[in-house]
Amino acid sequence: MRKTTPKKKEILPDPRFNDVLVTKFINNIMLEGKKSIAHEIFYDAIDEVSAKTKENGLEVWKKALSNVTPSVEVRSRRVGGATFQIPSEIRPERKQSIGMKNLILYARKRNEKSMAKKLAAEIMAAYKEEGAAYKRKEDIHRMAEANKAFSHFKF
C-alpha cells in the first residue's frame with residue numbers, strides 16, 4: 001500500500017458499558033485471542049475500583065487513562081553524524097494507544113493475586129496521579145522538556 005492509507009476497522013462498543021474506548025482497552029488486554037477472559041479481567045477490575053473508591057468505576061478508569069496519556073514524545077533523528085532526540089507532538093490515536101498500553105504493561109508487572117486486582121490497583125494509582133504508568137508519562141514529558149533545544153530539527 002504505497003499511496004493509499006488503509007481503511008480504519010470499525011470497532012463495536014462493548015456489551016456492558018456500550019463504549020468503543022472500553023472495547024479498545026479490552027482488545028489491548030487480550031492475549032492469544034481470548035477475548036472472553038479479557039472481558040472478565042476488565043469488568044472485575046472496574047467492579048473492584050468502584051467498590052474501593054465508592055465512585056463510578058468507568059469514570060475513574062477514564063480519568064486514570066487520561067492521567068497516563070502522554071502528549072509529547074521524543075524521536076531519534078540523525079543530523080550530520082550525531083543522533084538527536086527530538087520532541088514532537090503525538091497524534092490523538094497514538095496518545096490513546098500509548099496510554100492504554102502503559103497502563104496494562106505496568107498492571108501486569110504488579111504483585112497482586114489476579115490480573116483483575118493488578119489492573120484495579122494500577123487504575124486507582126493512575127487516578128491519584130501516582131504509580132508506574134503515571135511515572136512513565138512523567139519521564140516521557142521530562143525527556144521531551146530536556147531536549148526542547150533540538151526541536152528546530154523537525155521531521
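## Helix H3 and its cover

Let's start with helix H3, which runs over residues 57-67. In this predicted model, its buried residues are Gly57, Leu58, Val60, Trp61, Ala64, Leu65 and Asn67. Why might buried positions along a helix recur at such intervals? An α-helix has 3.6 residues a turn, so residues three or four places apart point the same way.

What covers those buried residues? The cover includes helix H1 (20-29), helix H2 (35-53), helix H4 (92-108), helix H5 (115-127) and helix H6 (132-146). Have a look at the start of H3 too: there, a side-chain oxygen of Asn56 comes to within 3.2 Å of the backbone nitrogen of Leu58.

## The nonpolar core

Trp61 of H3 turns up again in the largest nonpolar core, a set of 31 residues. Along with Phe25, Ile29, Phe42, Leu103, Leu119 and Ile123, Trp61 touches the most other members. H1, H2, H3, H4, H5 and H6 each give two or more residues to this core, and H2 supplies the largest share, with 7 residues.

Leu103 is a handy place to see how the pieces meet. Setting aside neighbours within four places in sequence, Leu103 is in contact with Phe25, Trp61, Leu65, Val68, Glu122, Ile123, Ala126 and Ala133. Two of these partners, Trp61 and Leu65, are among the buried residues of H3.

## The whole protein

Stepping back, the protein has 6 helices and 2 strands. Follow the sequence and you get the pattern α-α-α-β-β-α-α-α. The C-alpha atoms fill a box of roughly 55 × 40 × 25 Å along the principal axes. Of the 155 residues, 39% are buried. Among contacts between residues at least 6 apart in sequence, 60% join residues at least 24 apart.

As for the outside, the accessible surface comes to about 9,800 Å², and carbon and sulfur atoms account for 51% of that. There are 33 positive and 20 negative side chains, with the centres of the two sets 8 Å apart.

## Two loop residues with positive phi

Most residues other than glycine have a negative phi. Glu32 has a positive one, near 55 degrees. Glu32 sits in the loop between H1 and H2, and counts as exposed because its relative accessibility is 77%, where the cut-off is over 50%.

Glu129 also has a positive phi, about 60 degrees, without being a glycine. Its place is the loop between H5 and H6. Is Glu129 exposed or partly exposed? With a relative accessible area of 43%, Glu129 is partly exposed.

Definitions and conventions:
Residues numbered from 1 in each chain as written. Predicted model: local features only at pLDDT ≥ 70, side-chain atom pairs only at ≥ 80, totals over all residues. Heavy atoms only, no water. Buried < 20%, exposed > 50% of the residue type's maximum accessible area, 1.4 Å probe, protein only. Helix = DSSP H or I, 4+ residues; strand = E, 2+ residues; numbered from the N terminus. Contact = heavy atoms within 4.5 Å. Polar contact = N/O pair within 3.5 Å; in protein donor to acceptor, adjacent residues only side chain to side chain. Areas by Shrake-Rupley, 256 points an atom, 1.4 Å probe, with all protein chains shown as cover. Lys, Arg positive; Asp, Glu negative; His and termini not counted. Charge placed at Lys NZ, Arg CZ, Asp CG, Glu CD. Core = buried A, V, L, I, M, F, W, Y, C linked by side-chain atoms within 4.5 Å.
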